[in-house]
Amino acid sequence: MLFIHKKLIRKLTTPYIEANMQICYAQSQSFASYSSKTILLLNHDKLIILFLNFFSSKVIHTLEIPVTDLQEQNYNTGSLLDALWSFQSNGQRWRFRIIKKILPLGTMQQDFLDFLQHHIIRQSNITKKTLYISSVQKNRSCIGVFWVHDVLNRITTVY
């Protein structure tokens with residue numbers, strides 16, 4: 001991580017970057033990883049994981065995962081310095097440690113984390129709550145009317 005700077009990140013991601021992609025440098029903590037040093041590229045459609053060599057100077061493997069395949073997501077901002085993002089896709093568990101602030105990268109890390117929270121994690125939660133509401137409404141043994149006051153935060157049940 002000593003050699004990471006914005007120019008290097010842009011050089012490594014140029015062949016893979018698409019429209020509206022957010023970029024961040026992360027450490028992979030998964031057994032399925034080709035390397036612990038990674039660059040994550042994320043937009044509304046897909047996540048691209050670039051695995052880097054020991055000196056973070058070359059991409060040794062790439063992996064594309066559609067955002068719709070990200071299941072059992074967990075986002076934890078436990079400490080002030082980093083965030084942990086984990087998910088499951090195609091039977092494999094992935095976990096990334098994302099440092100919130102790397103000075104040579106400017107706001108790149110924080111922009112990625114903000115996009116992740118507002119567009120990926122929140123969308124996943126909305127989908128889960130919508131599926132829950134529709135399954136409860138289809139269940140005829142349930143007595144009551146369900147009102148969704150704030151889909152993002154809570155579900156209130158009125159009997």
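## Two loop residues with positive phi

Asn90 counts as exposed, because its relative accessibility comes to 68%, above the 50% that this class requires. The model in which this residue is seen is a predicted one, and within it Asn90 is found in the loop that runs between strand S6 (82–89) and strand S7 (92–99). The backbone of Asn90 deserves a look as well, since its phi is near 55°, a positive value in a residue other than glycine. As background, most residues other than glycine have a negative phi.

Ser56 offers a second case, with a positive phi of about 55° although this residue is not a glycine. Ser56 lies in the loop between strand S3 (46–52) and strand S4 (59–66). Where Asn90 is exposed at 68% relative accessibility, Ser56 is buried, with a relative accessible area of 2%.

## Salt bridges around Lys46

The structure holds three salt bridges, and a reader may begin with the one between Glu18 and Lys46, whose closest N and O atoms are 2.7 Å apart. Glu18 belongs to the loop between helix H1 (6–13) and strand S1 (22–28), while Lys46 belongs to strand S3, so this pair ties together parts of the chain that are 28 residues apart in sequence. Glu18 counts as partly exposed, with a relative accessibility of 36%, whereas Lys46, at 17%, counts as buried.

Lys46 also forms a salt bridge with Glu64, and here the closest N and O atoms are 3.1 Å apart. Because Glu64 lies in strand S4 and Lys46 in strand S3, the pair ties together parts that are 18 residues apart in sequence. Taken together, Glu18, Lys46 and Glu64 are linked in a network of salt bridges.

## The salt bridge between S6 and S7

Another salt bridge joins Asp82 to Arg97, with the closest N and O atoms 2.6 Å apart. Asp82 lies in strand S6 and Arg97 in strand S7, so that this pair ties together parts 15 residues apart in sequence. Asp82 counts as buried at 14% relative accessibility, whereas Arg97, at 26%, counts as partly exposed. The loop between these two strands, S6 and S7, is where Asn90 is found.

## Aromatic pairs and a ring cluster

A search of the whole structure finds eight aromatic pairs. One of them is formed by Phe54 and Phe55, an edge-to-face pair with 5.0 Å from centre to centre and 80° between the planes. Phe54 is exposed, its relative accessible area being 67%.

Trp85 and Phe87 form an aromatic pair of the tilted kind, with 4.9 Å from centre to centre and 45° between the planes. Trp85 counts as buried at 0% relative accessibility, and Phe87 likewise counts as buried at 0%. Both residues are members of a cluster in which ring pairs link Tyr34, Phe51, Trp85, Phe87, Trp94, Phe96 and Phe112.

## A nonpolar patch on the surface

Phe54 and Phe55 appear again at the surface, where they form a nonpolar patch together with Phe3, the three having about 410 Å² of accessible area together. Phe55 lies in the loop between S3 and S4, and Ser56 is found in the loop between these strands too. A charge accompanies Phe54, for the charged end of Lys37 sits over the ring of this residue, 5.6 Å from its centre.

## Thr38 in strand S2

Thr38 lies in strand S2, which covers residues 37–42. At 0% relative accessibility, Thr38 counts as buried, because the limit for this class is under 20%. When residues up to four places away in sequence are not counted, Thr38 touches Cys24, Tyr25, Ala26, Gln27, Ser28, Ile49, Leu50, Phe51, Leu52 and Phe96. Among these contacts are Phe51 and Phe96, which are also members of the ring cluster described above.

Key. Residues numbered from 1 in each chain as written. Predicted model: local features only at pLDDT ≥ 70, side-chain atom pairs only at ≥ 80, totals over all residues. Heavy atoms only, no water. Helix = DSSP H or I, 4+ residues; strand = E, 2+ residues; numbered from the N terminus. Buried < 20%, exposed > 50% of the residue type's maximum accessible area, 1.4 Å probe, protein only. Salt bridge = Lys/Arg side-chain N within 4 Å of Asp/Glu carboxyl O. Phe/Tyr/Trp six-rings, centres within 6.5 Å; stacked < 30°, edge-to-face > 60°. Lys NZ or Arg CZ within 6 Å of the ring centre and 35° of its normal. Contact = heavy atoms within 4.5 Å. Patch = residues over 30% accessible without salt bridge, like charges linked within 9 Å, V, L, I, M, F, W, Y side chains within 5 Å. Areas by Shrake-Rupley, 256 points an atom, 1.4 Å probe, with all protein chains shown as cover.
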